[in-house]
Structures are given as structure tokens and as C-alpha cells.
Amino acid sequence: MLNFLIRRVSFMVISMIAISILSFVLIELPPGSAIEVKLQQLRQQGGDMTAEQVRGLEERYGIHDPIQVKYWKWISRAVKGDFGQSFQLDRPVKSLIWARLGFSVLLSSFALVFSWGLSIPLGVYSATHRYTLPDYVIQVLQFVGVAIPQFLLALLLLVLASRAFNQEVGTLFSQQFKNAPWSLPRLLDFLRHVWIPVVVLAVGGTAGLTRIMRANLLDVLGQQYVQTARSKGVAEHIVIWKHAVRNALHPLIMALGTTLPLLISGEVIISIVLNLPTTGPMYLQALLNKDMYLAVAFLLMLSLMLLIGNLLADILLAWVDPRVRLE
Amino acid sequence: MVTTSAVAEAKVSANGQVDNVIELEDLHVHFHTKLGVVRAVNGVTLEIPRGKVVGVVGESGCGKSQTAFAIMQLVPPPGRIVAGKIVLYPKNGPPVNVLRYDRNSDEMRAIRGGHVSMIFQEPMTALNPVYPVGDQIMEAILLHQTTDKKEAAARAVDILGKVGLPNPKRLLGTYPHELSGGMRQRAMIALALSCTPDLLLADEPTTALDVTTQAQILDVMRELQAEIGMSILFVTHNLGVIAQMADEVAVMYLGQLVERAPVEELFDEPRHPYTRALMRSIPHLGTPRHARLNVIEGGLPNQYSQVPGCAFHPRCPVAQPGLCDVYQPALRPVTPTVEVSCFLYHNLDGTPVAAPTQTASSGTGPPLGDALPA
């Protein structure tokens, strides 16, 4: 297992290097630079810069350096945790991301726990009560959950919350708590707001995972060893949870591996609709504005999350199923 | 009611003391599907004498496996036991009317694994891939025999040794995928026998194994059967295996028993036309290379339909029009030890046919027919 881990981690390092080069090059590729974008905005607002000023800025940010020089300058600082400066916002990338990452991870983790905690029992129930009324109800809800666009659900919930519960909606905090330090009332206020984005984020995933769980468990329930367990006199709920479910978890675990990047980028649209201070909208803006250091930092983090997610999934899988344990 | 079948004799022998391990009476298992009702087991009456091996043979889909599953109340949905009676006579304890219990009841679970256990056709998939072999055997022991984990482990090692697996102690922690097919089937037998059941249901336990392994597995089963003194219901379509394993044979066709005989008699003189056709269809060494193999003409009828009269009559070479396609023959004794359901041996009113034309040995004399209308 240790060997396996060492090998996997070293592959991850190589992958990260490749990804960093690739994403850097890709973002450099289209013509135009962040300075041009900025200049345009300045002109729209009626201001201007002299050619000298522009040249000065270009020099300072090394706009005309060859790409490998730029990459090297950037990566040698990035490994030390310095991801450079955002052109657009004129602040260090690091502080920009950190300020929003907490909420992103929190929201998405809530959603993840919510959808897993719900989809496994629902899927199991649905599979063990196939073709009964509750199964049909669960299935219909699944289809709705998979099919409904997140932004629409977000809007619906906003209307519901403001009309029915008379609740202030959008953002994560009420006005008076927006910039207050953490305290119990602030936490309660946060919890009152957070359920809408969590539900919106979780619904699609829950529906999908429930379907996977149901289909897979049905498959496993037809396996001989389930009948073997029953023929030993094992109680039905133990047959299901101990003997069947564990064998049906593989696709869910693999799905978890690819879910991790969504912790950062998954909630772009909902964050815009609900006006949430998370990383998603910032990532989008960075890409639109060619704010390359910010964008590349995001890309790198997404890739890292994907790699870590897959590593975690592999470890989990090995824990669940002895057949994938190596050596 | 005077019957002279082997089973009936055994029943009476010990002062009316029942000496069967299980008795099935008029068992019906139906599968209700959207396309119709499949009558997988259609009125099977069968007794298994204590300490004997009863082989059940028949084509695929004739209901032999479902009969075994019914005893455990493990018929897979949408199958259901719609009628019949199953009485189990445990070694120690009063007779149990199995079907009185709900399939998920504690009583039923005590029977499964405790009194009746089962081994399956596919050793590759019969053990759960994510738990060590030892855990799976100990699970059964902990359910039925002891709550002490150490003792359960000791028993598991013991039984793994008995089925001829090398280094049983190490095997406890081994996963199924690390074992060969033959070893897995041995482990499966160990699992089934770990609680010394009264009855073992063996559902084609050697079909998926190569011939050498097959012979070894059969040896192990025979040995342990004698040692534990259990009975075996041995389901197979392999007549060679039946000849080697069984004391008695029940031949099934379309959910019904058509012949019941001690194994030597069945092979010496198969009586029912279906049994004879089965025997003929076994290829023999020494037949010319290009000679066509014997087959049973025709195929199984649509599973949703019900054949009027004798179920075999559409394929039967000696079917009697007006009789076999109208009336259903009942299983009746032909000799003291053989029962056949065929109008070649019985008239419609249950009396034996005067001069049996199809059998050579009628020396045992006409059995006393129980004069029930067919």
C-alpha cells in the first residue's frame, strides 16, 4: 500500500507540472493581454494612459517576455505560495482566493455530505422496494432533480423563501452581520441563509447518486453471494447493508473523485444567481478578463483537487474492495 | 392408505416414527410476471430420507432449483410459494412446518444455515468478494452455534480442514478472489456444513468445475455426508454425477416429478419415457464419430402456457392420443421402490396396466394402487 501511495503521489507531481505548463500556455494563447483589457475599461470610463505608462506597465509585468521566461518567473514563485498579482483587482491572487475559498469549500462540503447522506439510503430503499409506490415516487423525484436547471431551482427557492418564510434572501448573511466577527447570532444567521444554496447544490447530485445506487444495488442483489448470505440465516437488513451495499459502492466512490473540483468551481451559476461570495464567479471573471495569474491559480487548484479526489477515491476503493488492493 | 414405495416403508418402519428429514407435499411455486404465470414447481411431493442423498435431475428450467429454494423460502421474486406443505424433521427437536413461518422471520432464519444449508452452482460468485473466507464462515457459526468468536474461528478452521483445504488457519484471512474455483467450492461446502445441517441443498455444485475438480468435490461431499449424517438434495442435470452421488433419484419435468427410483434401478431400467429419453441422450464412448447424438425431440413448451394432460406428451414417442393429452397421470408405485407418473404403467383409475409392455422387469408383482381418481 505504501509503495502504491508513493507511486501515485509522484505521478501526481508530474501531472501537476504538465497541467501548470498546459494551462499557462492555453491562457497565453489568445491575442490581447490583461493590460489591454484594463486600458479599454479605463477608456470607457473616460480616462486614458499615455503610451509611456502602458509601456511601463508592460515592462513591469513582463508582457513581451517569451512565454518560457514568463512561465519560469511565475512557477518559481508559485511553488513558494506566491501566485502573483491580479491585474484586474490589483491585489495578490493568494489573498483573493483565500478570502472566498472558505465559503466555497464550506458550501460544497455541506452539499456533498447532504447528497451522500441522502442518496445512499434513498437508493437502497428504492432498490429493495422495487416497483412499489415509494420507489416510483423516489424515481420521479430523481428525474425532476436531474432535469431541473440549478439556476431555476435557485430562483424558485428564493421566491419560496421570501414569500412563504418572509426571509431575506441572497448572499450568506443578513446586512448587520455581513462584516461582523463570528459569533453565535452570526452563525445562526448564516445557517438561516445557507440552506438555499446547499439544497440547490445538492439536489442534482443527490438525484444522480440515488439513481446510480439503486441501479447498482439491484445488480448486486441478483448476485449469488447475496443468496448465500440469506441461506446462512443472516437477517435481511444485514444482508442488504453488510453484504450488498458495500459491493454496490464502487461507482459512487469513483464519482466522489471527480466531485472534489466542484468544491471550487461547481457553484458558479448559483453563486451569481444567489450573490454568494464564493470562488466560482471570481474564476469566471478572471477568465473573461484575461486576468491570467488569477485564472491559472484557479486552474491549478481545480486540477490539484481532481488529482487528490482521485487518489482519495482509489484509497477508499481499496479499503472497500480487497480485489483492488495492490501487492 | 397402503403404499409400498420406499419412502412409505421408511416412514412406517420405526413404529410410525418419521424417518425423513424433510417432506414436501404438493408444492407449488409460481412466478407471476407481466406476461403470465410461470408454474416453476407444479405439485411436487417428495420425501428425503435421513442420511440419504436424493438426486433431482431434469432439463434446465424444469423447476429443480426452485424446489430447493422453496425449502429455504428463498424463491427469488416475483416467485412465490403458492401452495403446498414443507415439514422439516430436525435431528433434535419437534417437526417444523416450514411454510408457516414468514420468510423473514427469526424462525425461518434459524432453519436457514442451522438445519438446512445450501451450496450453489457458481463457486466464483457464491462467496462475497469483499470479506475474507473465514469471516463468511464464522458469520454462520456465530449465528447458529456459538457467540464466542474464538470458538467460531476454531470451528471454521476445523471445517476448512475437513473439506481438504490446505493450511486452513491461513485461509481464514484469505479473500475469495485469491482462491481457485475448486478451492472456492470447498470453502463454500465448508460454509454450508459449518453448522452441521440436517439437510444440504446442493444446486449443481460441480457444474462450473472441471472434471478432475468435480470428482474431488463429490468425494468430499460424500465423505462429510457420511460423517455428519446429513441428507443431501442434489440438484443436477448431469446423470453421471447422479450415478456417483445419489441413493435415490427424482426425475423432474416442467415442475413435476415424473419418476422416483433408487439410483441402480433408474439406470438399470428407466421407466418414464422422459427418463428413457434422458438416458439415451447421454453420449457414450465408442459411438461412431459421425453418428448423430440422440436428442429429445421437440423443445420445452412456452413457459407461460399449461400443457393439458401429461406435461411430456407433446414430445413423448409413445404418447397415447385421447389419454395422455387429456388426463394428467399421477405419480404411482410401479414396483415397491419405484414410482412413475405415466399411463404406460397405470390406467386412468390408478390400477396397474395388466401386461406392462414397456418394462422388462415386472417380477416384483403389481403394486397395490391407491385407487384415487387421476
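This is a walk through a predicted model with chains A and B, starting with its confidence scores and ending where the two chains touch.

Let us begin with how far the predictor trusts its own work. The model scores ipTM 0.81 and pTM 0.79. For chain B, the mean pLDDT is 83, and 90% of the residues reach 70 or more. Two stretches of chain B deserve some caution as you look at them. Over residues 1-15 of chain B, pLDDT stays under 50, and the model has 25 contacts beyond four places in sequence for this stretch. Residues 358-374 of chain B also have pLDDT under 50 throughout, with 35 contacts beyond four places in sequence.

Now take in chain B as a whole. Its 374 residues include 46% that are buried, and its secondary structure comes to 12 helices and 12 strands. Among the contacts in chain B with a separation of 6 or more, 63% join residues 24 or more positions apart. As you follow the chain, then, remember that residues 24 or more positions apart can be in contact.

A good place to look next is the open sheet of eight strands in chain B, which has the order β6-β7-β8-β3-β9-β10-β12-β11 and mixed pairing. At its edges stand β6 (116-119) and β11 (332-333) of chain B; each has a single partner strand, so one side of each is left without a neighbour in the sheet.

Move inward from the β6 edge and you come to β7 and then β8 in the order of the sheet. Strand β7 (residues 199-203) of chain B pairs with β8(B) in the parallel sense, over five bridges. One pair to find here is B:L199, whose bridge partner in β8(B) is B:S231.

The next strand in the order is β3. Is strand β3 of chain B enclosed by the rest of the structure or in the open? Five of the five residues of this strand (residues 53-57) are buried, so β3(B) is largely enclosed by the rest of the structure. Its residues point in two directions: B:V53, B:G55 and B:V57 go one way, while B:V54 and B:V56 go the other, and all are buried. On one hand, β3(B) pairs in the parallel sense with strand β8 (residues 231-235) of chain B over four bridges, and B:G55 has B:F234 as its bridge partner there. On the other hand, four bridges join β3(B) to strand β9 (residues 248-253) of chain B, also running parallel, with B:V57 opposite B:V251.

Some of these residues return when we turn to the nonpolar cores. The largest core has 123 residues, and those with the most contacts inside it are B:L201, B:L233 and B:F234. Helix α8 (residues 181-193) of chain B supplies the largest share of this core, eight residues. Which residues does B:L233 touch, not counting residues up to four places away in sequence? They are B:I48, B:V54, B:V56, B:A68, B:L199, B:L201 and B:A202. Apart from the largest core lies another, of 22 residues, with A:F24, A:F83, A:A297 and A:L302 among them.

Chain B holds a further open sheet, formed by four strands in the order β2-β1-β4-β5, with antiparallel pairing. Its edge strands, β2 (36-49) and β5 (96-97) of chain B, each pair on one side only. Strand β4 (residues 79-88) of chain B and β5(B) run antiparallel and are joined by two bridges, one of which sets B:L88 against B:V96.

Finally, cross over to chain A. Helix α3 (residues 51-61) of chain A has 11 residues, of which zero are buried, so this helix lies largely in the open. After α3(A) comes A:G62, whose phi is positive, near 65°.

Where do the chains meet? The contact takes 20 residues from chain A and 24 residues from chain B. On the side of chain A that touches chain B, the elements giving two or more residues are α9 (224-231) and α10 (236-248) of chain A, and α9(A) gives the most, with seven. This side of chain A divides into six nonpolar, eight polar and six charged residues.

One residue to pick out is A:V234, in the loop between α9 and α10 of chain A. A:V234 is buried, because 22 other C-beta atoms lie within 10 Å. Leaving aside its neighbours within four places in sequence, A:V234 is in contact with A:A229 and A:V239, and with B:E139 and B:L143.

How values were computed. Residues are numbered from 1 along each chain as its sequence is written. Chains are lettered from A and ligands numbered from 1 in the order in which they are written. This is a predicted model: local features need pLDDT of at least 70, side-chain atom pairs count only at pLDDT 80 or more; totals for chains, interfaces and linings use all residues. pLDDT is the predictor's confidence in each residue, from 0 to 100. Two residues are in contact if their C-beta atoms, placed from the backbone, lie within 7 Å. Two strands pair if DSSP finds at least two bridges between them. Ala, Val, Leu, Ile, Met, Phe, Trp, Tyr, Cys and Pro count as nonpolar, Asp, Glu, Lys and Arg as charged, and the others, Gly among them, as polar. A nonpolar core is a set of buried Ala, Val, Leu, Ile, Met, Phe, Trp, Tyr and Cys residues joined through C-beta atoms within 7 Å. A residue is buried if 20 or more other C-beta atoms lie within 10 Å of its own, exposed if 12 or fewer, and partly exposed in between; C-beta atoms are placed from the backbone.
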